[in-house]
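Me: Hello! I am new to this structure and would like to go through it step by step. Could you help me read it?

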Amino acid sequence: MNQLYQLLTAVNTPKGSLRINQDDDTLVAWTQYTAGYDIKKKILYAFTYDNRNLRSLTWGDPSEWKDGISYFSFISKETAEPFEAKDEWSEGENTI
C-alpha cells in the first residue's frame with residue numbers, strides 16, 4: 001500500500017502550481033485527493049490534500065446495501081500519532 005501511494009503522490013499537482021486563466025478569473029487546480037482500490041479485498045483507500053491520513057471504505061455485501069444513495073465524508077481532522085518508546089521488539093513488529 002505504501003508503494004502505491006508513493007507512486008501516486010509523484011504525479012500530484014501541488015496547490016498553486018497550476019493556474020488556468022479563464023475570462024477575468026484565474027482558476028487554481030490541484031490534486032484534491034489521491035485514491036487507490038484493492039480489487040481483491042474490495043476496499044477503497046484515499047487521502048486528501050489537506051489530510052494525509054489514509055482512510056478506507058469497504059462496500060461489503062451488495063445484498064445488504066440500503067436503497068438509494070449513500071454519502072461518505074473524506075473530510076476529517078489531521079492527527080499526529082506519537083512515537084512509541086520501546087526497549088524490545090517482537091519478531092516482525094518493527095517492519096513495514
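Me: Over how many bridges do β4 and β5 pair?
Reply: Happy to help, and please keep in mind that this is a predicted model. β4 and β5 form a hairpin with 2 residues between them. Within that pair, Y45 stands opposite S56 in β5. The two strands pair in the antiparallel sense, and the number of bridges is 5.

Me: Thanks! How many bridges join β3 to β4?
Reply: These two strands also form a hairpin, with 4 residues between them. One bridge pair here is D38 with its partner I43 in β4. β3 and β4 run antiparallel, and the count of bridges joining them is 6.

Me: In what order do the strands of the open sheet stand?
Reply: The sheet is built from 3 strands with antiparallel pairing. β3 and β5 (51-58) each have a single partner strand, so they stand at the edges and one side of each is left without a neighbour in the sheet. From one strand to the next, the twist averages 20 degrees. Read across, the order is β3-β4-β5.

Me: Which helix lies across those strands?
Reply: The element in question covers residues 2-9 and lies across β3, β4 and β5. Its direction is at about 145 degrees to β3. The name to remember is helix α1.

Me: How many residues of β4 are buried?
Reply: A residue counts as buried when its relative accessible area is under 20%. On one side of β4, I43, Y45 and F47 are buried, and on the other side L44, A46 and T48 are buried too. Both faces of the strand are therefore covered, because the residues on each side fall in the buried class. For β4 the tally is 6 of 6.

Me: Which residue in the turn between β3 and β4 has a positive phi?
Reply: Most residues other than glycine have a negative phi. The residue you are after is not a glycine, yet its phi is positive, at about 60 degrees. It is found in the loop between β3 and β4 (43-48), and its name is K42.

Me: What is the phi of D23, and is D23 buried or exposed?
Reply: D23 sits in the loop between β1 (18-22) and β2 (25-29). Its phi is near 55 degrees, a positive value in a residue other than glycine. The limit for exposed is over 50% relative accessible area. D23 has 80% relative accessibility, so D23 counts as exposed.

Me: What distance separates the C-alpha atoms of Q22 and G60?
Reply: Q22 lies in strand β1. With a relative accessible area of 43%, Q22 is partly exposed. Along the chain, Q22 and G60 are 38 residues apart. Their C-alpha atoms are separated by 43 Å.

Me: Last one: which residues form the nonpolar patch on the surface?
Reply: One member is Y37, found in strand β3 (residues 33-38). Patch residues need over 30% relative accessible area. Y37 has 42%, so Y37 passes that limit and is partly exposed. Together the members have about 490 Å² of accessible area, and they are Y37, I39, W59 and W65.

Conventions: Residues numbered from 1 in each chain as written. Predicted model: local features only at pLDDT ≥ 70, side-chain atom pairs only at ≥ 80, totals over all residues. Heavy atoms only, no water. Patch = residues over 30% accessible without salt bridge, like charges linked within 9 Å, V, L, I, M, F, W, Y side chains within 5 Å. Areas by Shrake-Rupley, 256 points an atom, 1.4 Å probe, with all protein chains shown as cover. Salt bridge = Lys/Arg side-chain N within 4 Å of Asp/Glu carboxyl O. Buried < 20%, exposed > 50% of the residue type's maximum accessible area, 1.4 Å probe, protein only. Pairing = 2+ DSSP bridges. Axes fitted to C-alpha atoms, helices over the stretch in contact; angles between N-to-C directions. Contact = heavy atoms within 4.5 Å.
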